[in-house]
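Biologist: I have a model open and would like to learn how to read its features. Could you take me through them one at a time?

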Amino acid sequence: MELVFENIPFFLKGAYYTLYVTVISMFFAFIIGVLVAIARLKGPMWLRLIARFYVSIMRGTPLLVQLFVIYYGLVDYGVTLGSLTAACLGLSLNAGAFLSETFRGAIQAVPKGQTEAAYATGMTPAQAMRRIIFPQAVRIAIPPMGNTFIGMLKETSLVAAIGVTELLRSAQLLVSQYALNMPFYLAIGVIYWIMSIGFSAILEQVERRLARAY
């Protein structure tokens, strides 16, 4: 365990990159999810088909394969991305597909009477979506969004395969240096656990506040 404590700064650096990749990816996944959900619900048929195909591909293939296609595969076509950029792009596209289904269900869960009432006051479909439907849909979607965020936090371990020095990669480097496995892998397991508990607690507080507000 002494080696673990001696290398805490190295683990903290790995934790920083884990959180960095998670937050950046979740931000863009949120945008992608909203746009794809609206495209599937309100877009023309050709756009709905494209959105549906995108969701099917992202949900139907392993995340690790998607990361390899982005980081290694695109090189064949002259597109070279840094490992951190490829990691954020891959996680954003993957999580965006799952969030699109979350938002689509949340939007459909808003009572139709809300939309009809908005139209009755003279709002356009875009205004009704922005002012009436979307705020309520976000409130409904927050619990599954939180689960997606925590899931992504743990899935960032896969980006070690393309060279991002997050928590898992940090442990692998220490294992190769000291020829010890258990202490370092247990250490990152504990760090992942602590971060998951922390974000779960934050999510519970947000849900409680929203419950009181509504």
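Biologist: Let me begin with a pair of helices: what is the handedness of the crossing where α2 passes α3?

Modeller: Glad to help, and keep in mind throughout that this is a predicted model. The crossing of α2 past α3 is left-handed.

Biologist: Which other numbers describe such a pair?

Modeller: In general, two packed helices are described by the angle between their axes and the distance between those axes. Here the axes of α2 and α3 come within 8 Å and cross at roughly 135 degrees. That angle makes α2 oblique to α3, because roughly antiparallel is kept for angles over 145 degrees.

Biologist: How many helices and strands does the protein chain have?

Modeller: There are 9 helices and 0 strands, so the pattern read along the sequence is α-α-α-α-α-α-α-α-α. The C-alpha atoms fill a box of roughly 70 × 50 × 20 Å along the principal axes. Of the 214 residues in the protein chain, 37% count as buried.

Biologist: Now for helix shape. How far apart are the end C-alpha atoms of α7, against the reach of a straight helix?

Modeller: The idea is to compare the end-to-end distance with the span expected at 1.5 Å a residue. Helix α7 covers residues 125-155, 31 residues, and a straight helix would reach 45 Å, yet its end C-alpha atoms are only 37 Å apart.

Biologist: Where does the kink in α7 lie?

Modeller: At isoleucine 142, shortly before proline 143, and the kink is about 50 degrees.

Biologist: Let us turn to charged side chains. How many salt bridges does the structure hold?

Modeller: It holds 3. To read one, look for a side-chain nitrogen of Lys or Arg within 4 Å of a carboxyl oxygen of Asp or Glu. Arginine 40 and glutamate 101 form one of them, with the closest N and O atoms 2.6 Å apart. Arginine 40 lies in helix α2 (residues 8-42) and glutamate 101 in helix α5 (residues 83-109), so this pair ties together parts 61 residues apart in sequence.

Biologist: Are arginine 40 and glutamate 101 buried or partly exposed?

Modeller: Arginine 40 has 18% relative accessibility and counts as buried, because the cut-off for buried is under 20%. Glutamate 101, at 21%, counts as partly exposed.

Biologist: Which salt bridge does glutamate 101 make with a residue of helix α3?

Modeller: Glutamate 101 meets arginine 59 in a salt bridge of 3.6 Å, N to O. This pair also links distant parts of the chain, glutamate 101 being in helix α5 and arginine 59 in helix α3 (residues 45-60), 42 residues apart. Arginine 59 is partly exposed, with a relative accessible area of 43%.

Biologist: And what is the N to O distance between glutamate 101 and arginine 104?

Modeller: Their side chains meet in a salt bridge at 3.0 Å. The two residues are 3 apart in helix α5, which means they are separated by about one helical turn. Arginine 104 counts as partly exposed at 22% relative accessibility. Through shared partners, salt bridges join Arg40, Arg59, Glu101 and Arg104 into one network.

Biologist: What can I learn by setting sequence separation beside distance in space?

Modeller: Try two pairs. Isoleucine 31, in helix α2, is 14 residues from tyrosine 17 in sequence and 21 Å away in space, C-alpha to C-alpha. Leucine 168, in helix α8, is 19 residues from alanine 187 in sequence and 10 Å away in space, again C-alpha to C-alpha. Isoleucine 31 is partly exposed at 34% relative accessibility, and leucine 168 is partly exposed at 21%.

Biologist: One last feature, the backbone angles. What is the phi of alanine 179?

Modeller: As background, most residues other than glycine have a negative phi. The phi of alanine 179 is near 60 degrees, a positive value in a residue other than glycine. Alanine 179 is found in the loop between α8 (167-178) and α9 (182-213). With 64% relative accessibility, alanine 179 counts as exposed.

Methods
Residues numbered from 1 in each chain as written. Predicted model: local features only at pLDDT ≥ 70, side-chain atom pairs only at ≥ 80, totals over all residues. Heavy atoms only, no water. Helix = DSSP H or I, 4+ residues; strand = E, 2+ residues; numbered from the N terminus. Expected span 1.5 Å × (residues − 1). Bend = angle between axes of the 7 residues up to and from the residue. Buried < 20%, exposed > 50% of the residue type's maximum accessible area, 1.4 Å probe, protein only. Axes fitted to C-alpha atoms, helices over the stretch in contact; angles between N-to-C directions. Parallel < 35°, antiparallel > 145°, perpendicular 65-115°, else oblique. Left-handed = near helix turned anticlockwise from the far one by under 90°.
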